[in-house]
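Dear colleague,

I am handing over the structure below for your consideration. My findings follow it, and I would be grateful if you could read them with the coordinates open.

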Amino acid sequence: MVAAMHERSDHQPSDRAITESSARSPSGSPGEFAFELNNISFTYPGGVLGVEIEHLGIRRGCCTILLGANGSGKSTLLKILDGLLYPQKGNLRAFGESVTEKRLDEKDFQRRFRSRVGFVFQDADIQCFSPTVRDELAFAPLQKGMDERNIDLLVQKALSTLRIESIADRYPYRLSGGEKKRVAIASILTMDPEIYLLDEPTANLDPATEGILIDLLAGFAEENKTVVVATQDLMLARHIGDRAVILGPDRTLAAEGEMTDLLDRSELLASAGLAHYHRHPHRKASTHERHSHYTEDDSG
Ligand SMILES: Nc1ncnc2c1ncn2[C@@H]1O[C@H](COP(=O)(O)OP(=O)(O)OP(=O)(O)O)[C@@H](O)[C@H]1O
Ligand SMILES: [Mg+2]
């Protein structure tokens with residue numbers, strides 16, 4: 001069964017009631033993983049496999065990059081982690097607790113879970129609901145019961161960080177793709193979750209804004225926030241990723257490990273559709289050959 005996208009009212013204040021003790025692993029030791037997936041399988045209506053994962057642990061305090069070709073299941077996996085899609089098979093644990101459709105139906109659990117996990121959708125059109133950008137950014141802190149003055153300060157800071165002050169009073173739906181993406185990123189800044197899930201966050205961003213995002217994500221790493229980013233952008237992956245999860249074309253886990261190790265495995269990257277080969281017709285005839293572009297040094 002497929003979960004509907006969660007209602008906006010699900011984003012509720014954090015009462016931190018998923019406590020430190022419940023954030024520990026079943027053995028009682030401090031939880032190493034923010035998320036643990038075991039024998040997970042999700043199939044969309046109509047029978048298309050979304051993703052299938054035997055075992056995966058997403059480490060706390062790390063920036064994990066989800067890599068894979070188009071259609072390899074990255075967005076599906078992120079939605080599973082955010083409790084937006086419920087796998088038909090297997091078990092998901094977050095903060096050491098089992099996350100099931102039944103648990104997420106419990107208002108209290110849902111509120112706590114949603115306040116700890118922030119999600120930037122690949123499609124920014126489905127992220128923003130408020131009449132103005134400013135209202136959108138104020139939504140989460142307002143739900144937390146923050147006072148008006150502090151909300152204003154927080155909103156102003158997020159507007160300034162993403163350089164969107166000039167569109168603060170505009171209707172989000174009528175913004176350009178990149179502007180919407182900036183608003184979506186700013187809105188999880190004001191939400192201030194423990195875990196950031198970002199689906200193709202650099203898509204549609206101009207290079208200057210991409211730089212701002214890289215700095216932001218690097219800042220999260222310094223604060224030991226848990227960040228999971230789905231991207232095709234291997235440069236971004238190299239800049240910010242501690243660990244990588246690679247999904248293969250069959251939508252199963254192809255590899256998981258340290259980012260630097262995996263980015264050196266050119267055959268693995270090629271088989272996962274992460275290296276590209278193309279002609280360089282603008283160059284001299286002698287360079288009309290195929291090149292790969294999967295590492296920073298390979299300027300092709
Ligand atoms: N709503 C849906 N209904 C049916 N099938 C879907 C739906 N959403 C995704 N799929 C299918 O599930 C598989 C995984 O899709 P997913 O969106 O997770 O891939 P992705 O790795 O995020 O791709 P991309 O890089 O293009 O964003 C694909 O085969 C896709 O066609
Ligand atoms: Mg996707």
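Helices and strands are here DSSP runs, a helix having at least four residues and a strand at least two, and both are numbered from the N terminus. Please bear in mind that this is a predicted model.

With that numbering, Y44 lies in the loop that links strand 1 to strand 2. Is Y44 buried or exposed? A residue counts as exposed if 12 or fewer other C-beta atoms lie within 10 Å of its own. Y44 has 11 such atoms within 10 Å and is therefore exposed. Its C-alpha atom is 9.5 Å from that of P87, although Y44 and P87 are 43 residues apart in sequence.

The two strands flanking this loop belong to an open sheet of four strands, which has the order 2-1-4-5 and antiparallel pairing. At its edges are strand 2 (49–59) and strand 5 (97–98), each of which pairs on one side only. Strand 1 (residues 33–43) runs antiparallel to strand 2 and is joined to strand 2 by nine bridges. Within this pair, I40 is placed opposite I53 of strand 2.

Helix 1 (residues 74–81) packs on the sheet, where it touches strand 1, strand 2 and strand 4 (89–94). The direction of helix 1 makes about 120° with that of strand 1. Eight of the eight residues of helix 1 are buried, so the helix is largely enclosed by the rest of the structure. These buried residues include K74 and K79 as well as L77, L78, I80 and L81. Just after helix 1, G83 adopts a positive phi of about 70°.

Helix 1 also bears on the ligand site. Which residues are the closest to ligand 1? They are Y44, N70, K74, S75 and T76, out of 13 residues that surround ligand 1. Helix 1 gives the most to this shell, with three residues. By type, the shell around ligand 1 comprises 10 polar residues, two nonpolar and one charged.

Finally, I turn to the nonpolar interior. The largest nonpolar core has 72 residues, of which L66, A186 and L197 touch the most other members. Helix 6 (residues 177–191) gives the most to this core, with seven residues. Neighbours within four places in sequence aside, A186 is in contact with L137, A158, L159, T161, L162 and I164.

With kind regards

Key. Residues are numbered from 1 along each chain as its sequence is written. Chains are lettered from A and ligands numbered from 1 in the order in which they are written. This is a predicted model: local features need pLDDT of at least 70, side-chain atom pairs count only at pLDDT 80 or more; totals for chains, interfaces and linings use all residues. Two strands pair if DSSP finds at least two bridges between them. Two residues are in contact if their C-beta atoms, placed from the backbone, lie within 7 Å. Axes are lines fitted to C-alpha atoms, for helices over the stretch in contact, and angles run from 0 to 180 degrees between N-to-C directions. A residue is buried if 20 or more other C-beta atoms lie within 10 Å of its own, exposed if 12 or fewer, and partly exposed in between; C-beta atoms are placed from the backbone. A residue is near a molecule or strand if its C-beta atom, placed from the backbone, lies within 6 Å of it. Ala, Val, Leu, Ile, Met, Phe, Trp, Tyr, Cys and Pro count as nonpolar, Asp, Glu, Lys and Arg as charged, and the others, Gly among them, as polar. A nonpolar core is a set of buried Ala, Val, Leu, Ile, Met, Phe, Trp, Tyr and Cys residues joined through C-beta atoms within 7 Å.
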